[in-house]
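Good morning, and thank you for coming. I should like to take you through one protein chain, beginning with its overall plan and then turning to a few of its parts.

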Amino acid sequence: MSDELAATIIGKIKAHAKPEIGEITLDTELAELDIHSLELTEIVFELEDEFGIEIEMNTVDAWSSLSNVGDIVKIVRELVEKKA
């Protein structure tokens, strides 16, 4: 995967996903990952630290309507670009 931002995000998600999930791609459905709300919060904090962004609570709440890993990558990418 040539997209470093996506690879970093997928790595952080994979660290919290159930081990038997196998490869995680942008098309991986979030429901398949078996990530609980506490783990999601940890991922959010890790992404904020990694990319120097702040994910507001309303953004986190909106994550409940996201369907796949690509949706998370899109949100983080938008926040990183706004910061630049």
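Read from one end of the sequence to the other, the protein chain follows the pattern α-α-α-α. In other words, the chain has four helices and zero strands. Please keep in mind that this is a predicted model. Of the 84 residues in the chain, 35% count as buried. Among the contacts with a separation of 6 or more, 59% are accounted for by residues 24 or more positions apart.

Let us begin with a single helix, α2, which covers residues 37-51. Does its length agree with expectation, and what span should 15 residues have? At 1.5 Å a residue, they should span 21 Å, and the end C-alpha atoms of α2 are 21 Å apart, so the two values agree.

Which residues of α2 are buried? They are Ile43, Val44, Leu47, Glu48 and Phe51. These buried residues cover an arc of only 135° around the axis, and therefore they lie on the same side of α2. A general point helps here: an α-helix has 3.6 residues a turn, so residues three or four places apart point the same way. On the other side of α2, Leu38 and Asp49 are exposed. After α2 comes Gly52, with a positive phi near 65°.

I turn next to a pair of helices. In general, two packed helices are described by the angle between their axes and the distance between the axes. Here the pair is α1, residues 4-16, and α4, residues 69-83. Their axes come within 10 Å and cross at roughly 125°. That angle makes α1 oblique to α4, because it falls in neither the roughly perpendicular range of 65 to 115 degrees nor the roughly antiparallel range over 145. The crossing of α1 and α4 is right-handed. On the α1 side, the contact is made by Leu5, Ala6, Ile9, Ile10 and Ile13. On the α4 side, the contributing residues are Val69, Ile72, Val73, Val76, Arg77 and Val80.

Finally, I draw your attention to one residue in a loop. Where is Asp34 found? Asp34 is in the loop between α1 and α2. Its phi is near 55°, a positive value in a residue other than glycine. Most residues other than glycine have a negative phi. Is Asp34 buried, exposed or partly exposed? Its relative accessibility is 40%, so Asp34 counts as partly exposed, since that class lies between the 20% and 50% cut-offs.

Note on methods: Residues are numbered from 1 along each chain as its sequence is written. This is a predicted model: local features need pLDDT of at least 70, side-chain atom pairs count only at pLDDT 80 or more; totals for chains, interfaces and linings use all residues. Side-chain values use heavy atoms; hydrogens and water are left out. Helices (H or I, at least four residues) and strands (E, at least two) are DSSP runs, numbered from the N terminus. The expected span of a helix is 1.5 Å times one less than its number of residues. Buried means under 20% relative accessible area, exposed over 50%, partly exposed in between (1.4 Å probe, protein chains only). The arc is that of the directions from the helix axis to the C-beta atoms. Axes are lines fitted to C-alpha atoms, for helices over the stretch in contact, and angles run from 0 to 180 degrees between N-to-C directions. Angles under 35 degrees count as roughly parallel, over 145 as roughly antiparallel, 65 to 115 as roughly perpendicular and the rest as oblique. A crossing is left-handed if the near helix is turned anticlockwise from the far one by less than a right angle, and right-handed if clockwise. Contact means heavy atoms within 4.5 Å.
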